[in-house]
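Please look through the sequence and the model below before reading on. The paragraphs after them are meant as a guided walk for someone who has not met this structure before.

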Amino acid sequence: MSNKTAPPRPAPRLYLATPVITDAAMLAAQLPGLLAQADVAAVLVRLKETDPRSMISVIKALAPAIQSSGAALLIDGHADLVARSGADGAHLNGIAALDEALPTLKPDRIAGVGELPTRHDSMNAGERGADYVLFGEPDAHGSRPSTDAIAERLGWWAELFEPPCIGYAATREEAAEFVAAGADFILADDLVWTDARGPAPALAELGAAIKAAYTAAGHG
């Protein structure tokens, strides 16, 4: 097993998930400065459950700030709103949700998927055409696999499969470990939004930790 002849792996990028949005205007004003703090590839917008028209309005309020920064805008679920809102894609939870959403999203928009508890689920997602797989996010009860188990899954996927893999990081230390394991992206939410210093310094620090871990792994 030799990686010496393989092309160098690009530096992992950030995938920022919002809290459930209660004030779209305030978040839209905050996002340009926030997204300038690090290399953010995509923003996952978590919508408060309400009527479709209201949810579309929220997405449209956020889209300019996100997309003008060069980041993709994905919606957490609600694949039916993607085209109508101008979003770039959706994140689905589980194989059944992915199957339901694929005809709506493909071929023009992103279909990512999480809630993949087994290797078999992960491979099924890839075979069905998922654009990325997410490992390590909390379940409905807030439980997650161990850091080592998430890193092991990321390393297995990165070595064998082509679609990008994303590691959900609850701490900067986890983010660094997932970078070393082979994650293509690091997803962060509370790690950024609940930092006592505010989200901007938290995101900048996380971006720096990802770069440092990439360099330490011999890529930088």
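What follows goes from the strands to the aromatic rings and then to the charged side chains.

The model shown here is a predicted one, and its strands are a convenient place to begin. Eight strands make up a closed barrel, in the order E1-E2-E3-E4-E5-E6-E7-E8, and their pairing is parallel. Within this sheet, neighbouring strands are turned against each other by 25° on average, when direction is ignored. One of the pairings can be followed in detail, since strand E7, which covers residues 165-168, runs parallel to E6 and is joined to E6 by three bridges. Leu134, for instance, has Ile166 in E7 as its bridge partner.

The aromatic side chains come next, and a search of the whole structure finds five aromatic pairs. One of them is formed by Tyr15 and Tyr132, whose rings meet edge-to-face, with 5.6 Å from centre to centre and 80° between the planes. This pair links distant parts of the chain, for Tyr15 belongs to strand E1 (residues 13-20) and Tyr132 to strand E6 (residues 132-135), 117 residues apart. Are these two tyrosines buried or exposed? Tyr15 has a relative accessibility of 3% and therefore counts as buried, and Tyr132, at 6%, counts as buried because its value also lies under the 20% limit.

Another pair is made by Trp156 and Phe161, whose ring centres are 5.2 Å apart; because their planes stand at 70°, which is over the 60 degrees required, this pair is edge-to-face. Trp156 is buried, with a relative accessible area of 12%, whereas Phe161, with 26%, is partly exposed. Both residues belong to a cluster in which ring pairs link Phe135, Trp156, Trp157 and Phe161. Phe135 has a charged companion as well, for the charged end of Arg153 sits over the ring of Phe135, 5.5 Å from the centre of that ring.

From here the walk turns to charges of opposite sign. Side chains of opposite charge can pair when their charged atoms come close. A search of the whole structure finds 10 salt bridges, among them the one between Arg46 and Asp189, where the closest N and O atoms are 3.0 Å apart. Arg46 lies in strand E2 (residues 40-46), while Asp189 lies in the loop between strand E8 (185-188) and helix H8 (190-193), so that this salt bridge ties together parts of the chain that are 143 residues apart in sequence. Of the two partners, Arg46 counts as partly exposed at 22% relative accessibility, and Asp189 is buried, with a relative accessible area of 6%.

A salt bridge also brings together the side chains of Lys106 and Asp131, at 2.7 Å from N to O. Lys106 is placed in the loop between helix H4 (95-105) and strand E5 (110-114), and Asp131 in the loop between helix H5 (119-128) and E6, so the parts tied together by this pair are 25 residues apart in sequence. Lys106 is partly exposed, with a relative accessible area of 31%, and Asp131 counts as partly exposed at 29%.

The last stop is the salt bridge between Asp195 and Arg197, whose closest N and O atoms are 2.9 Å apart. This contact is part of a network, in which salt bridges that share partners join Arg172, Asp195, Arg197 and Glu205. Asp195 is buried, with a relative accessible area of 18%, while Arg197, with 44%, is partly exposed.

Notes:
Residues are numbered from 1 along each chain as its sequence is written. Side-chain values use heavy atoms; hydrogens and water are left out. Rings of Phe, Tyr and Trp (its six-membered ring) pair if their centres lie within 6.5 Å; planes under 30 degrees apart count as stacked, over 60 as edge-to-face and the rest as tilted. Helices (H or I, at least four residues) and strands (E, at least two) are DSSP runs, numbered from the N terminus. Buried means under 20% relative accessible area, exposed over 50%, partly exposed in between (1.4 Å probe, protein chains only). A charge sits over a ring if NZ of Lys or CZ of Arg is within 6 Å of the ring centre and within 35 degrees of the ring normal. A salt bridge is a side-chain nitrogen of Lys or Arg within 4 Å of a carboxyl oxygen of Asp or Glu. Two strands pair if DSSP finds at least two bridges between them. Axes are lines fitted to C-alpha atoms, for helices over the stretch in contact, and angles run from 0 to 180 degrees between N-to-C directions.
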